[in-house]
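Trainee: Before I use the usual labels for a model like this one, I would like to go through the reasoning behind them, setting each value against its criterion.

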Amino acid sequence: MARIELQNIAKNYGPVEVMRDINLEIEDGEFIVLVGPSGCGKSTLLRMIAGLEPITEGEFRVDGRRMNEVQPRDRDMAMVFQSYALYPHMDVARNMGFSLEIRKAPSQERADKVRDAAKTLGLTSLTARLPKALSGGQRQRVAMGRAIVRDPSAFLFDEPLSNLDAALRVEMRLEIARLHQRLETTMIYVTHDQVEALTLADRIVVLNAGKIQQVGTPLDLYERPANRFVAQFIGSPTMNILEVEPTDKGVLLKDGTVIGISPGAERPVACDLGVRPEHLNIVPQGSAHFSGKAELVEHLGSDTNIHAHVPSIGQVLVRQHGHFPLKTGDPVHIALELDKVHLFAPDGQRLDTVLGSG
Amino acid sequence: MSAHRHSSPLAITGKYLALALYVGFALFPLYWLAKIAVTPDKLIYTEGTALIPSSFTLENFRSVLLATDFLFYFRNSLVVSITTAAITTCIAAAAGYAFSRFDFRGKRLVVAIMLITQMFPLLMIIAPIYKIVAAVGLLNSLTSLIIVYTAFNIPFATFLMQSFFDGIPKDLEEAGMMDGCTRFQALRKIVLPLTLPGLGATLGFIFTAAWSELLFALMLINSNDTMTFPVGLLTFVSKFSVDWGQMMAAGVLALVPSCLFFIFIQRYLVQGLTSGAVKG
Ligand SMILES: Nc1ncnc2c1ncn2[C@@H]1O[C@H](COP(=O)(O)OP(=O)(O)OP(=O)(O)O)[C@@H](O)[C@H]1O
Ligand SMILES: [Mg+2]
């Protein structure tokens, strides 16, 4: 069990600064997911927590105790590597029990724990095999087993599922969620897959270019993204961003449409308007905000994605629930769900201004 | 290899023919060595080019083993080669690990110097080496050979070992450290077992190099007591004649330790020991 605190953490590789101002408090038993595009520093942050990478600046505490200088083996954390990092010369059972072997646990205890973990993960029949005789999914399970056997105070996962095929990934995702429910141990999980992030996390930490963009629950990030980056990173398909100009009464879309702000609100300074595809609707001409032509219609069964071209606004993606009878080339009239629309300042921060019909 | 199940019989025959030609070409000198070793002295010149001699004898082996100092040279060579191989491999393994895993000041400089040492022709430095060895009073000792061979082989052996360490994913050691190992434990329990092929190859390479070295042995050793085997071979060449039969018999015997050594290490030379470590 561990409460983890990161205070003003920074990381430099020589003269290159790759992370700065990392402040994060992780509650005991929380499932935290770190997401962000490739190269944003997710692995680096996780490795600093693990002790595999020195922390350049700031303080890292576990249960109130400073841990910056503590060796990885004394941090009581288990890590699942993206590459799995199974010991090729040891069979599955020895791989899983290796941490106990190093700690000189009695062999009976070791065997019991390995057997339990193998059973949980469905590896019982494979314990005598070498890693090279396992499939990718089985290797992934062994890597998980190696972490479980230790009963650590926190689990660290670095993109554990990214080498698996889609079906197996869904299955293992469920397994990890179940594991967290059962063990109630702090977990820090790195991924660049937002579906994994949204489904697993108690709280998500969005990173970009070495800085934390936002920390919040999945719903927080979806409904109230702190800035344009988070808004576009979370949610699939990606949020539409439309250029606007602020006016006295509201915002002016490029095609001349004015969208008013709620009465009494200040004149906005917005330069971008963000709206998720699911918050756009195809409506009769009279009630539309703007109109265009369907360039591509994707019928997905559960949803219909309409890629529309709107003159002087550009590409807009509309998502309608269920099957929507529309063909490529049809004219489309689009309305915004005004209470779901976000406005962003020129620096990318989200504004609190609420749009209305006023 | 599934490719070979589908190829035509002609292609297979061609492939094996090419292989046979290559093997024959590579092994022919060895065959000739063995042939002359078992040919009776009086037939060596009369049947000089016959592929198979008309009669066989083990007389050459007997006289090499019993009537010459050959066993003595043999023992000296074994001492020098095994010691050199062991010391060099230990040092090279340590240095190679450091080069592969750590960044330290002066690393590039050390690598550059090691590369430069490999560029000099041996003949250029043989005189200074002789002077140094003479000055410290080590002429005619096996120790001098061990020191010189070790020094000369360390750079190459280090690069060799470094490439083997580079082939072992860093993740494995890190996983070990997360599992509770110190860096040294991770080295001993995880990296070392995976480096056995590398250690074997390096040992074998250095052993063979030291076993067949002639130039330094010739310069630094004059006394019969400390002669190594390659120098000893030259004693079969007298002023007036060359005792081909005995020389070749000695040569055949000289192959024995090399062969034994490689049979011993070959199971460590099997590649692919790290397969299964990472994804797949
Ligand atoms: N040894 C190093 N020296 C210099 N820069 C490095 C080093 N290791 C990583 N970096 C830089 O640090 C940044 C963060 O790397 P990191 O591996 O944490 O990214 P990541 O978010 O895990 O990306 P990915 O999703 O691709 O795994 C990258 O820009 C990378 O170039
Ligand atoms: Mg990474």
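Trainee: How do the residues of the lining of the largest pocket divide into nonpolar, polar and charged?

Mentor: Keep in mind that this is a predicted model. The lining of the largest pocket divides into nine nonpolar, four polar and 11 charged residues. Asp, Glu, Lys and Arg are the residues that count as charged, and therefore A:Glu53 and B:Arg183, which are among the lining residues closest to the centre of the pocket, fall in the charged class.

Trainee: Which elements give two or more residues to that lining, and which gives the most?

Mentor: The pocket has a volume of about 560 Å³, and the elements that give two or more residues to its lining are helix 1 (42–50) of chain A together with helix 9 (170–178) of chain B. Helix 9 of chain B gives the most, with four residues. Of the 24 lining residues, the closest to the centre are A:Leu52, A:Glu53, A:Pro54, B:Met177 and B:Arg183.

Trainee: What makes the largest cavity a cavity, where the other space is called a pocket?

Mentor: The term rests on whether a 1.4 Å probe that fits in the space can get out, and it is called a cavity because the probe cannot. The structure holds two cavities of 30 Å³ or more, and the largest has a volume of about 50 Å³. Its lining draws on both chains, including A:Tyr87, A:Arg146, B:Ala175 and B:Asp179. Helix 4 of chain A gives the most to that lining, with three residues, and by class the lining has six nonpolar, no polar and three charged residues.

Trainee: Which residues line the second largest cavity, and how many of them are charged?

Mentor: The second largest cavity holds about 30 Å³ of space, and it is lined by B:Ser77, B:Val80, B:Ser81, B:Tyr149, B:Ala210, B:Trp211, B:Glu213, B:Thr228 and B:Pro230. The classes here are five nonpolar, three polar and one charged, and helix 5 (70–101) of chain B gives the most, with three residues.

Trainee: Why is A:Gln214 called buried?

Mentor: A:Gln214 has a relative accessible area of 12%, and because the limit for buried is under 20%, the label follows. A:Gln214 is placed in strand 10 (residues 211–216) of chain A, and its side chain reaches the backbone nitrogen of A:Ala226 at 2.7 Å. That distance is within the 3.5 Å limit, so the pair qualifies as a polar contact.

Trainee: Why are A:Cys271 and B:Cys259 called partly exposed?

Mentor: The relative accessibility is 24% for A:Cys271 and 44% for B:Cys259. Because partly exposed covers the values between the 20% limit for buried and the 50% limit for exposed, both cysteines take that label. As for cysteine pairs, the count of disulfides over all chains comes to zero, and so no pair of cysteine sulfur atoms lies within 2.5 Å.

Trainee: What makes the backbone at A:Asp21 and A:Asp76 worth a remark?

Mentor: Most residues other than glycine have a negative phi. A:Asp21, in strand 2 (residues 16–26) of chain A, has a positive phi of about 50° although it is not a glycine. For A:Asp76, which lies in the loop between strand 5 (65–66) and strand 6 (77–80) of chain A, phi is near 60° and thus also positive. With relative accessible areas of 49% for A:Asp21 and 34% for A:Asp76, each counts as partly exposed.

Trainee: How do you know that the peptide bond from A:Ser236 to A:Pro237 is cis?

Mentor: The omega of this bond is near 0°. A:Pro237 sits in the loop between helix 8 (228–233) and strand 11 (240–246) of chain A, and as a general matter most peptide bonds are trans.

Trainee: What qualifies the approach of ligand 1 to A:Ser38, A:Cys40 and A:Thr44 as polar contacts?

Mentor: An oxygen atom of ligand 1 is 2.5 Å from an N or O atom in the side chain of A:Ser38, and an oxygen atom of the ligand is 2.4 Å from such an atom in the side chain of A:Thr44. With A:Cys40 the partner is a polar backbone atom, at 3.2 Å. Since the limit is 3.5 Å, these pairs count as polar contacts. The residues that surround ligand 1 also include A:Tyr13, A:Lys42 and A:Glu159.

Conventions
Residues are numbered from 1 along each chain as its sequence is written. Chains are lettered from A and ligands numbered from 1 in the order in which they are written. This is a predicted model: local features need pLDDT of at least 70, side-chain atom pairs count only at pLDDT 80 or more; totals for chains, interfaces and linings use all residues. Side-chain values use heavy atoms; hydrogens and water are left out. On a 1 Å grid over the protein atoms alone, a cavity is a set of points where a 1.4 Å probe fits but cannot get out, and a pocket is an open set with protein on both sides within 12 Å along at least five of seven lines; lining residues have an atom within 4 Å of a point. Grid points are joined across faces, edges and corners, and a volume is the space filled by probe spheres set on the points. Buried means under 20% relative accessible area, exposed over 50%, partly exposed in between (1.4 Å probe, protein chains only). A residue is near a molecule or strand if one of its heavy atoms lies within 4 Å of it. A polar contact is a pair of N or O atoms within 3.5 Å; within protein, one must be able to donate a hydrogen and the other to accept it, and residues adjacent in sequence count only if both atoms are side-chain atoms.
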